[in-house]
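Biologist: I would like to learn how to read a structure feature by feature. Could you take me through one?

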Amino acid sequence: MAKRSSKGIAAAGETIVHPLFPGIGRPAGSGWDPLGTQGGNDDRRDQSYVRKVKPQNANQKLLMDAIRTHNLVVALGPAGTGKTYIAISSAVEALEDGSVDRIVLSRPALEAGESIGYLPGDMHEKMAPFLRPLYDALTDRLGSKRLRAMMADGTIEIAPVGFMRGRTLNNAFVVIDEAQNCTYSQIKMLLTRLGWHSTMVLTGDPDQTDLLENLSGLADIARRLEAVEGIAVARLTEKDIVRHPLVASMLTVL
């Protein structure tokens with residue numbers, strides 16, 4: 001079968017949308033290249049393990065500093081700004097240096113705009129698709145073998161929001177991910193789980209909730225908590241996105 005000939009893309013005229021990162025959308029060799037192959041150089045993004053995560057921009061540094069110096073941090077920002085990864089990396093570092101005895105991770109079990117039906121298996125198997133991003137970040141920081149061992153002995157616990165009521169989390173690092181999909185009452189319940197010698201980080205993007213309009217409580221909670229001494233609210237923007245630069249450009253118009 002003959003190969004279908006590739007069609008060139010017509011040159012665009014004057015545009016009203018300007019990329020946040022110069023070079024995006026230009027011909028190869030004249031700007032940023034996702035494979036890093038322009039000019040014969042291969043600076044493809046390194047995915048190797050690093051023990052200490054370093055901030056990629058000023059707002060990420062502010063978030064990391066806030067986590068180190070506060071027991072409760074709310075991290076707000078669009079997708080791709082590193083909120084969850086920084087929170088989980090900070091949790092792993094706190095566990096390894098003995099600051100906490102365990103890590104508790106939670107996120108709402110909410111389908112993102114489509115129904116996946118009834119899933120087979122026990123609770124952990126049913127929750128696995130919703131908690132996959134947390135598993136990925138933990139595997140990146142600990143390795144799959146070590147992660148399985150820590151989950152087996154209870155050092156790391158991943159639970160849905162519904163299973164957090166009535167608990168007091170002492171000597172723990174707690175990460176509540178995708179908090180924009182929690183109602184005001186749910187977030188209030190989660191915040192009051194904080195116990196002695198513990199740190200809690202809520203992450204989410206108030207502009208990307210899967211709840212019905214006006215049901216998400218994250219933005220309201222963050223606004224109220226900003227006035228409370230000892231609590232940090234970190235706000236990241238599109239310019240802090242560390243995924244493909246087109247993500248940042250798209251979010252300015254979507």
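Modeller: We will go through a helix, its salt bridges, some backbone angles and two single residues.

Modeller: A word on the ground rules: this is a predicted model, in which local features need pLDDT of at least 70 and side-chain atom pairs count only at pLDDT 80 or more, while totals for chains, interfaces and linings use all residues. Residues are numbered from 1 along each chain as its sequence is written, and side-chain values use heavy atoms, with hydrogens and water left out.

Biologist: Let's begin with H1. What span should its twelve residues have?

Modeller: Helices (H or I, at least four residues) and strands (E, at least two) are DSSP runs, numbered from the N terminus. The expected span of a helix is 1.5 Å times one less than its number of residues. For helix H1, residues 58-69, that gives 16 Å, and the end C-alpha atoms are 17 Å apart, which agrees.

Biologist: Which residues of H1 are buried?

Modeller: Buried means under 20% relative accessible area, exposed over 50%, and partly exposed in between (1.4 Å probe, protein chains only). In H1 the buried ones are Gln60, Leu63, Met64, Ala66 and Ile67. They cover an arc of only 160 degrees around the axis, taken from the directions from the helix axis to the C-beta atoms, so they sit on the same side of H1. Ala58, Leu62, Arg68 and Thr69 are exposed, on the face turned away from that buried side.

Biologist: What do the buried residues of H1 pack against?

Modeller: Here contact means heavy atoms within 4.5 Å. The partners are helix H2 (83-96) and the strands S1 (72-76), S4 (172-176), S5 (199-204) and S6 (231-235).

Biologist: And which residue caps the N-terminal end of H1?

Modeller: A polar contact is a pair of N or O atoms within 3.5 Å; within protein, one must be able to donate a hydrogen and the other to accept it, and residues adjacent in sequence count only if both atoms are side-chain atoms. The cap is asparagine 57, with a side-chain oxygen 3.4 Å from the backbone nitrogen of asparagine 59.

Biologist: How many salt bridges does a search of the whole structure find?

Modeller: Side chains of opposite charge can pair when their charged atoms come close. The criterion is a side-chain nitrogen of Lys or Arg within 4 Å of a carboxyl oxygen of Asp or Glu, and the search finds ten. One of them joins lysine 61 to aspartate 65, at 2.9 Å from N to O. These two are four residues apart in helix H1, which means about one helical turn separates them. Both are partly exposed: aspartate 65 has a relative accessibility of 24%, and lysine 61 has 45%. A salt-bridge network links Lys61, Asp65 and Arg68.

Biologist: Where else can I practise on that pattern?

Modeller: Try helix H3 (residues 123-142), where arginine 132 and aspartate 136 are four residues apart, about one helical turn. Their closest N and O atoms are 3.0 Å apart in a salt bridge. Then look at helix H6 (residues 218-225), which holds aspartate 220 and arginine 224, again four residues apart. That salt bridge has its closest N and O atoms 3.2 Å apart.

Biologist: Now the backbone. What is phi near in asparagine 171?

Modeller: Most residues other than glycine have a negative phi, and most peptide bonds are trans. In asparagine 171 phi is near 50 degrees, a positive value. This residue lies in the loop between strand S3 (156-160) and S4. Glutamate 178 also has a positive phi, near 55 degrees, and is found in the loop between S4 and helix H5 (184-191).

Biologist: Is serine 106 buried or exposed?

Modeller: Buried, at 0% relative accessibility. Serine 106 belongs to strand S2 (residues 102-107). A polar atom of its side chain lies 2.8 Å from the backbone oxygen of alanine 159. Leaving out residues up to four places away in sequence, serine 106 touches several others, including Leu134, Met164 and Asp177.

Biologist: Finally, which residues is glycine 230 in contact with?

Modeller: Beyond its neighbours within four places in sequence, glycine 230 contacts His70, Asn71 and Leu72. Glycine 230 is in the loop between H6 and S6. Its C-alpha atom is 7.4 Å from that of leucine 72, although the two residues are 158 residues apart along the chain.
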